[in-house]
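Here's a quick tour of one model, taken a piece at a time. Have the structure open and follow along.

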Amino acid sequence: MRKLFIEGLVIFISILASLSVDNMRESSEEKEILNEAVITLGDEINSNINYTKEHIKQVKNMYYLTSQVIKNYNEIKLKDVFKIHSDNPYIHSIIENGKIEYQKQYSDDDYRVFVWTNAWEPENVFFQSMLYSGKLLEIKNKRLRKEVESIYTKQEERVSGMFKISGNISGDILNWFDEKENEFKKDMSASKIFDFHKDQKLKNALSKREKQLSERITDLENYLQALQNVVMLISTEYKKI
């Protein structure tokens, strides 16, 4: 009887040990999967850091050009504005491999320098994947989880909102050029309209653009700092496997 009891106890302990090993293995695999997910999220955020740095440079160039136009409003010509843009470009195309090619050739009808806003399109595919899979909630560090949620929601939405406001102001400037063009009974280039017919209404719209671009730069710089803070948090707690 005692022998049967001992054999049963041994079998019971063996089963418990086996289950414990399986649980440890599953826990280790889950931690590994989460680690890989957070590292990949960090790579996405790093990509957004580089994107945001370039975007800030572009918006600062918009601000500089606009401020120079306002500062020299009465005497500045469109060819002078083109020169400022060539030295501080922001109008661009995306060519092969995502490379940016800045526009430095212009025509007499080119008033894009006054209305260009630059689209705001940071990456968020992997964040969305973690959000909908529930992996985001598995991050134990509450501060890290909240910071990640913040940069992809509240802060990114604020930057997106500022981009939309830029677009609305650009619409006012575009309407000014259209209205001026329709005042004439012959074709008038943007160059002639700006050089000889700019008025206080246009200056007011440009002043609104200048102020709003300044605010947009501040929000972008705050967003960039938040991105960098999250990357630092990730690097201290998660290592590449």
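How many salt bridges does the count come to? Keep in mind that this is a predicted model.

## Salt bridges

The count comes to 11 salt bridges. One to pull up is the pair of lysine 60 and glutamate 221, whose side chains meet at 3.3 Å, N to O. Lysine 60 belongs to helix α1 and glutamate 221 to helix α8 (residues 200-237), so this pair ties together parts that sit 161 residues apart in sequence.

## The second largest pocket

Next, have a look at the second largest pocket, with a volume of about 180 Å³. Its lining is made up of Tyr51, Glu54, His55, Gln58, His92, Ile94, Gly98, Ile100, Asn118, Ala119 and Glu121. Two elements, α1 (2-71) and β1 (92-94), give two or more residues to that lining. Helix α1 gives the most, with four residues.

As for chemistry, the lining of this pocket splits into four nonpolar, five polar and two charged residues.

## Where α5 meets α6

Now move along to helix α5 (residues 142-152) and helix α6 (residues 154-182), whose axes come within 3 Å and cross at roughly 15°. Angles under 35 degrees count as roughly parallel, and α5 and α6 are therefore roughly parallel to each other.

Which residues make the contact between α5 and α6? On the α5 side they are Glu149, Ser150, Ile151 and Tyr152, and they meet Lys154, Gln155 and Glu156 in α6. Sorted by type, the residues of this contact come out as two nonpolar, two polar and three charged.

Notes: Residues are numbered from 1 along each chain as its sequence is written. This is a predicted model: local features need pLDDT of at least 70, side-chain atom pairs count only at pLDDT 80 or more; totals for chains, interfaces and linings use all residues. Side-chain values use heavy atoms; hydrogens and water are left out. On a 1 Å grid over the protein atoms alone, a cavity is a set of points where a 1.4 Å probe fits but cannot get out, and a pocket is an open set with protein on both sides within 12 Å along at least five of seven lines; lining residues have an atom within 4 Å of a point. Grid points are joined across faces, edges and corners, and a volume is the space filled by probe spheres set on the points. Ala, Val, Leu, Ile, Met, Phe, Trp, Tyr, Cys and Pro count as nonpolar, Asp, Glu, Lys and Arg as charged, and the others, Gly among them, as polar. Axes are lines fitted to C-alpha atoms, for helices over the stretch in contact, and angles run from 0 to 180 degrees between N-to-C directions. Angles under 35 degrees count as roughly parallel, over 145 as roughly antiparallel, 65 to 115 as roughly perpendicular and the rest as oblique. Contact means heavy atoms within 4.5 Å. A salt bridge is a side-chain nitrogen of Lys or Arg within 4 Å of a carboxyl oxygen of Asp or Glu.
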